[in-house]
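I opened this notebook to keep a record of what I looked up in one protein model, entry by entry. I wanted to go from the whole chain down to single residues.

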Amino acid sequence: MDIHPAFQTVLSFEPFVADWPYGGGEAQYVALTGTYADPSVATAPRQTMQFPYSIGEIVTAAASAGMVVERLAEHTETESDGRHIPP
């Protein structure tokens, strides 16, 4: 599951806190609980490593690999939060 990179930059909206890079692909480490597959299931905290890429970086990499982009659409809603919010 990919979450829009701009959404992932925001830790909270009230108050507004942006603490995650938009793109660049540099490894980010965070401890997370739960799972996007079933947000109601609690899990023990686990260390994750994520690589934030911008939409431009993702589409350019796909095109550079020979893929043809016929359509690019973005969803404005998701069933899970998907951000890097620590427990």
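The entries below follow the order in which I looked things up.

**Entry 1: confidence.** I began by noting that this is a predicted model, and I checked how far its confidence values carry. The mean pLDDT of the protein is 83, and 86% of its residues reach 70 or more. Going through the elements, I found the lowest mean pLDDT, 82, in α1 and the highest, 92, in α2.

**Entry 2: overall layout.** I counted 2 helices and 4 strands in the protein, and reading along the sequence I wrote down the pattern α-β-β-β-β-α. I then asked what share of the 87 residues is buried. The share came out at 23%. For the surface as a whole I recorded about 6,500 Å² exposed, with carbon and sulfur atoms supplying 56% of that area. Of the contacts with a separation of 6 or more, 53% are accounted for by residues 24 or more positions apart.

**Entry 3: the β1 and β2 hairpin.** I turned next to β1 and β2, which run antiparallel and are joined by 3 bridges. The two strands form a hairpin with 2 residues between them, and within the pairing I located S12 opposite V17 in β2. I then looked at P15, which lies in the loop between β1 (10-13) and β2 (16-18). Which kind of peptide bond joins E14 and P15? The bond is cis, with omega at about 0°. I note beside this that most peptide bonds are trans.

**Entry 4: β3 and its partner.** β3 pairs with β4 in the antiparallel sense, and I recorded 5 bridges between them; L32 stands opposite R46 in β4. I followed the side chains along β3 (residues 28-32) and found that they alternate. Q28, V30 and L32 point to one face and are buried, whereas Y29 and A31 point to the other face and are not buried.

**Entry 5: a nonpolar patch.** Having seen that Y29 is on the face of β3 that is not buried, I looked up where else its name appears, and found Y29 together with M49, F51, Y53 and I58 in a nonpolar surface patch of about 540 Å². I picked out Y53, whose place is in the loop between β4 (46-50) and α2 (55-64). Is Y53 buried or partly exposed? Y53 counts as partly exposed, because its relative accessibility is 39%, which falls between the cut-offs of 20% and 50%.

**Entry 6: the neighbour S54.** S54 also has its place in the loop between β4 and α2, but I found that S54 is buried, with a relative accessible area of 11%, whereas Y53 is partly exposed. Leaving aside residues up to four places away in sequence, I listed what S54 touches, and the list holds P5, Y22 and G23.

**Entry 7: I3 before the helix.** My last look-up concerned I3, which is found in the segment before α1 (5-8). I3 counts as buried because its relative accessible area is 14%, and the cut-off for being buried is under 20%. I then checked I3 against H75, which is 72 residues away along the chain, and the C-alpha atoms of the two are separated by 9.1 Å.

Notes: Residues numbered from 1 in each chain as written. Predicted model: local features only at pLDDT ≥ 70, side-chain atom pairs only at ≥ 80, totals over all residues. Heavy atoms only, no water. Buried < 20%, exposed > 50% of the residue type's maximum accessible area, 1.4 Å probe, protein only. Patch = residues over 30% accessible without salt bridge, like charges linked within 9 Å, V, L, I, M, F, W, Y side chains within 5 Å. Areas by Shrake-Rupley, 256 points an atom, 1.4 Å probe, with all protein chains shown as cover. Salt bridge = Lys/Arg side-chain N within 4 Å of Asp/Glu carboxyl O. pLDDT = per-residue confidence, 0-100. Contact = heavy atoms within 4.5 Å. Pairing = 2+ DSSP bridges.
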